Amino acid sequence: MNQVLTILLIGVIALVGNWIGYHVPPTESLPGILLLALITLIGMGFTRILPFKSPVIVWISLFAMIATSPFFPGNAYTAAAIGKINLLALATPILAYAGLSLGKDIHLFKQLSWRIVVVSLVVFTGTFLFATLFAEAIFKIQGKF
């Protein structure tokens, strides 16, 4: 129940952030927020019933891809509704929640010492570089650059 309330709270904060920061009225972005919350809850529920452990993000991403794929009924509406939500309006409350979650485990974070900084920098740099290379390759294939 705490996870459901957290998702709903993040949705409300994202709704307000989208309205204030990007001037999208709440009536326009509410369907997208509700769809994102529903997809997230379905992915979380699916993870709980599986007989093996797997990351929740895998199932949430899979269900989101299915919901917006061409063969899924209502995919155009789903993509359009979610498209009205700005990424930063959604990321801000999620990152704030992640920061608060880290705060309760700060003693574990301290045990990782300076090595976590090096590992994080390498991971972030590698992710950025390979995402850039991938995007460049796709753009060249499409003839945009």
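User: Before I look at this structure, what does "buried" mean for a residue?

Analyst: A residue counts as buried when its relative accessible area is under 20%. In this predicted model, buried residues make up 19% of the 145 residues in the protein chain.

User: How much area does the protein chain expose, and which atoms supply 77% of it?

Analyst: The exposed area is about 10700 Å². Carbon and sulfur atoms supply 77% of that area.

User: Which secondary structure elements should I look for in the protein chain?

Analyst: The protein chain has seven helices and zero strands. Read from the N terminus, the order of elements is α-α-α-α-α-α-α. The C-alpha atoms fill a box of roughly 50 × 45 × 40 Å along the principal axes.

User: How should I describe two helices that pack together, such as α1 and α2?

Analyst: In general, two packed helices are described by the angle between their axes and the distance between the axes. Here, helix α1 covers residues 2-22 and helix α2 covers residues 26-49. Their axes come within 10 Å and cross at roughly 155 degrees. An angle over 145 degrees counts as roughly antiparallel, and α1 and α2 are therefore roughly antiparallel to each other. The crossing of α1 past α2 is right-handed.

User: Which residues bring α1 and α2 into contact?

Analyst: From α1, the residues include Val4, Ile7, Leu15 and Trp19. In α2, the residues they meet include Leu30, Ile33, Leu41 and Met44. By class, the contact of α1 with α2 has eleven nonpolar, five polar and one charged residues.

Notes
Residues numbered from 1 in each chain as written. Predicted model: local features only at pLDDT ≥ 70, side-chain atom pairs only at ≥ 80, totals over all residues. Heavy atoms only, no water. Axes fitted to C-alpha atoms, helices over the stretch in contact; angles between N-to-C directions. Helix = DSSP H or I, 4+ residues; strand = E, 2+ residues; numbered from the N terminus. Parallel < 35°, antiparallel > 145°, perpendicular 65-115°, else oblique. Left-handed = near helix turned anticlockwise from the far one by under 90°. Contact = heavy atoms within 4.5 Å. Nonpolar A, V, L, I, M, F, W, Y, C, P; charged D, E, K, R; others polar. Buried < 20%, exposed > 50% of the residue type's maximum accessible area, 1.4 Å probe, protein only. Areas by Shrake-Rupley, 256 points an atom, 1.4 Å probe, with all protein chains shown as cover.
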